[in-house]
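The following exercises concern side-chain environments and charged pairs. Please work through each task before reading its solution.

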Amino acid sequence: MDKGGSPGTRTSSGGSLRRHVEQLWREIAKFGAVGGAGLAVNLLVFNLMRHVTDLQVVRASVVATIVAIIFNYIGFRYFTYRDRDKSGSTREMTLFLAFSAVGLVIENGVLYLATYGFHWDSPLQSNVFKFLGIGVATLFRFWSYRTWVFRTLPAGATVTGTETFLDGGGDSEERDRQRAA
């Protein structure tokens with residue numbers, strides 16, 4: 001018996017913590033994969049806009065950020081947070097756009113300050129500060145998306161949905177027999 005009083009108390013709470021940490025790391029990895037692809041889209045569109053149009057640096061960055069936001073929403077909804085609650089899609093989209101707008105202001109505020117405040121506006125400097133702004137905004141976005149936008153389903157719903165997915169959606173009576181065995 002452990003010091004917690006009952007056999008297995010430490011193991012079960014440790015196992016729960018371990019599962020929670022593993023789940024968080026998987027979520028961070030998926031968020032990072034979508035975010036990395038979104039970063040590439042953002043920088044590609046930004047540099048394309050800078051070289052093909054006469055838009056000012058920050059305006060080109062805002063356009064690139066909007067394109068990346070659309071790209072990221074699709075990736076987050078259908079890859080990173082596909083197991084999350086989908087019942088309030090209007091609410092989800094509204095919150096996603098609101099938090100993305102805050103992220104857009106953070107990201108482009110860093111670039112604006114560097115460009116117009118310090119006159120660091122060479123192509124290299126613009127890309128460095130664009131990248132820095134994306135990094136700062138990403139911390140805010142990760143927290144806000146996982147906390148407010150893509151809400152976690154109740155524990156039972158997630159387990160049932162995962163079992164159905166893993167079992168190929170098979171017969172529920174068969175699943176019940178397998179669980180009992």
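**Exercise 1.** Determine whether threonine 53 is buried, partly exposed or exposed in this predicted model, and identify what its side chain reaches.

*Solution.*
Step 1. The relative accessible area of threonine 53 is 28%. Buried requires under 20% and exposed requires over 50%, so threonine 53 is partly exposed.
Step 2. Threonine 53 is placed in the loop between helix H1 (9–52) and helix H2 (57–80).
Step 3. From this loop, the side chain of threonine 53 reaches the backbone oxygen of methionine 49 at 2.5 Å. The backbone nitrogen of leucine 55 is reached by the threonine 53 side chain at 3.3 Å.

**Exercise 2.** Classify threonine 115 and serine 126 by accessibility, and list their contacts beyond four places in sequence.

*Solution.*
Step 1. Threonine 115 belongs to helix H3 (residues 89–117), whereas serine 126 belongs to helix H4 (residues 123–149).
Step 2. With a relative accessible area of 4%, threonine 115 is buried. Serine 126 is likewise buried, at 0% relative accessibility.
Step 3. Threonine 115 is in contact with Val57, Trp120 and Asp121 when neighbours within four places are set aside. On that basis, serine 126 touches Phe46, Arg50, Val57, Leu111 and Asp121.
Step 4. Val57 and Asp121 appear in both lists.

**Exercise 3.** State how many salt bridges the structure holds, and describe those in which glutamate 27 takes part with arginine 84 and with arginine 146.

*Solution.*
Step 1. Side chains of opposite charge can pair when their charged atoms come close. The structure holds six salt bridges.
Step 2. In one of them, glutamate 27 meets arginine 84 at 3.0 Å, N to O. Because glutamate 27 lies in helix H1 and arginine 84 in the loop between H2 and H3, this pair ties together parts 57 residues apart in sequence.
Step 3. Glutamate 27 also forms a salt bridge with arginine 146, with the closest N and O atoms 2.8 Å apart. This pair links helix H4, where arginine 146 lies, to helix H1, which holds glutamate 27, across 119 residues.
Step 4. Glutamate 27 is buried at 7% and arginine 84 is buried at 8%, whereas arginine 146 is partly exposed at 28% relative accessibility.
Step 5. Glu27, Arg84 and Arg146 are thus linked in a network of salt bridges.

**Exercise 4.** Which parts of the chain does the salt bridge between glutamate 107 and lysine 130 tie together?

*Solution.*
Step 1. The side chains of glutamate 107 and lysine 130 meet at 2.6 Å, N to O.
Step 2. Glutamate 107 lies in helix H3 and lysine 130 in helix H4, so the pair ties together parts 23 residues apart in sequence.
Step 3. Both glutamate 107 and lysine 130 are buried.

Technical notes:
Residues numbered from 1 in each chain as written. Predicted model: local features only at pLDDT ≥ 70, side-chain atom pairs only at ≥ 80, totals over all residues. Heavy atoms only, no water. Helix = DSSP H or I, 4+ residues; strand = E, 2+ residues; numbered from the N terminus. Buried < 20%, exposed > 50% of the residue type's maximum accessible area, 1.4 Å probe, protein only. Contact = heavy atoms within 4.5 Å. Polar contact = N/O pair within 3.5 Å; in protein donor to acceptor, adjacent residues only side chain to side chain. Salt bridge = Lys/Arg side-chain N within 4 Å of Asp/Glu carboxyl O.
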